[in-house]
Amino acid sequence: MSWDSVPWFVEGSAEHSAQIARLLAYNSVGGAEGVIGPNDLRVRALAAPGQQVEVLTGACSILNRAAGAQYEAYAGRMISIDKIPIAPTGPTARSDLIVARVENPYQLGETWTQPSNPATGPYIFTRVLSGVPAGTMSVRQIRPSDSGIALARIDLPPNTASVLPDYIKDLRKVARPRSEERTFTIIGYPEYSYLDTTDGGWKNWPERATWSVDIPEWAVTATVTTNLSGMRLSINNVYAHMRHMWNGVAGSTSELDDDGGTGLRRADKLLADTYAIPAAWRGTTQTLKLQAAAFDPGRLDVNATTQVVVRVLFREAPAQDGA
């Protein structure tokens, strides 16, 4: 028989194999591995730095890399903070890799020790792979047959006994990061709105370019892209700055530099920023607006033929704030 004879799920007294159960776990995350949520299994220094780090609670998907395994994953969960000892360094620096690893002694070719209680294990651990090459980013680089994922790398200077926050490099990946895009548009202005040097520095402009943005609870970053097309320039040369302003946080400054003289002409402008979404913003609604400042004597305006398109792309990623 070429099939695993009991697929998931058959009623009655059918017995389902461990391989089929791991196939279900694999399929549930689309064959991805990593942490499940943005704050899961984050490695951090102790409040009073010492010879330990702590790994926060959370869940993960770990691909089964035992010989012969195909389309299989383990689903693991840490239910309390795990404190892991880190050995001090001597006269040379050292890098340690903190990993979540499944040690399943029943898999073909695996040499892990069977636990004293096979019913309760444990079969999953936080492990320290000490003395890895500098710059190591994954378990695959040093132990390609391990069923494990990297959580962090600790880069310890010489003669160091305490792990400081700056020594910890976060290596987590969200197994299936979510994303969501919001789009806002203004198609034509019923009235002219002018920007010129008499406005005296930054102002909210165009005035109608302000939006209330609902931020997903899982969002860790947001890329904001704004296209302004069909702005009109007149009177003289125009030189202006433009930027996003989101809940009081200014984006990068972009220039509009035109030497068109006194004639009427049109200009387009692109603004782009990536915002880190702090924990306090997640699950809230925050105001996003455009701002501009004029410096040359020319005039910039928006009118009935101007169009504004704003796209906000939210992404899930490992978070550093622990919220």
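The lining of the largest pocket divides into 13 nonpolar residues, four polar and one charged. This is a predicted model. Strand β7 (residues 94-102) has nine of its nine residues buried, so the strand is largely enclosed by the rest of the structure. The largest nonpolar core has 36 residues, and another core, of 24 residues, lies apart from it.

**The largest pocket**

- The space in the largest pocket comes to about 330 Å³.
- Its lining is made up of 18 residues.
- Gly 76, Arg 77, Tyr 123, Ile 124 and Phe 125 are the lining residues nearest the pocket centre.
- Strands β4 (58-63), β5 (73-78), β7 and β8 each give at least two residues to the lining.
- β5 gives the most, with five residues.

**Strand β7 and its partners**

- Both faces of β7 are covered.
- On one side, Arg 94, Asp 96, Ile 98, Ala 100 and Val 102 are all buried.
- On the other side, Ser 95, Leu 97, Val 99 and Arg 101 are all buried as well.
- Buried here means under 20% relative accessible area.
- β7 pairs with strand β9 (residues 147-156) in the antiparallel sense, over nine bridges.
- In that pairing, Asp 96 stands opposite Ile 154 of β9.
- β7 also runs antiparallel to strand β8 (residues 124-130), and seven bridges join the two.
- Here Val 102 stands opposite Ile 124 of β8.
- Ile 124 also appears among the lining residues nearest the centre of the largest pocket.

**The nonpolar cores**

- In soluble globular proteins, nonpolar side chains tend to be buried together.
- Within the 36-residue core, Trp 211, Trp 246, Val 312 and Phe 314 have the most contacts.
- Strands that each supply at least two residues of this core are β11 (179-187), β14 (210-214), β15 (221-234), β16 (238-246), β19 (265-276), β20 (285-294), β21 (299-302) and β22 (307-315).
- β15 supplies the largest share of this core, five residues.
- Leaving out residues up to four places away in sequence, Val 312 touches Glu 180, Glu 181, Arg 182, Phe 184, Ala 222, Thr 223, Val 224, Trp 246 and Leu 288.
- The separate core of 24 residues includes Val 43, Ile 62, Leu 156 and Tyr 167.

Notes:
Residues are numbered from 1 along each chain as its sequence is written. This is a predicted model: local features need pLDDT of at least 70, side-chain atom pairs count only at pLDDT 80 or more; totals for chains, interfaces and linings use all residues. Side-chain values use heavy atoms; hydrogens and water are left out. Buried means under 20% relative accessible area, exposed over 50%, partly exposed in between (1.4 Å probe, protein chains only). Helices (H or I, at least four residues) and strands (E, at least two) are DSSP runs, numbered from the N terminus. Two strands pair if DSSP finds at least two bridges between them. A nonpolar core is a set of buried Ala, Val, Leu, Ile, Met, Phe, Trp, Tyr and Cys residues joined through side-chain atoms within 4.5 Å. Contact means heavy atoms within 4.5 Å. On a 1 Å grid over the protein atoms alone, a cavity is a set of points where a 1.4 Å probe fits but cannot get out, and a pocket is an open set with protein on both sides within 12 Å along at least five of seven lines; lining residues have an atom within 4 Å of a point. Grid points are joined across faces, edges and corners, and a volume is the space filled by probe spheres set on the points. Ala, Val, Leu, Ile, Met, Phe, Trp, Tyr, Cys and Pro count as nonpolar, Asp, Glu, Lys and Arg as charged, and the others, Gly among them, as polar.
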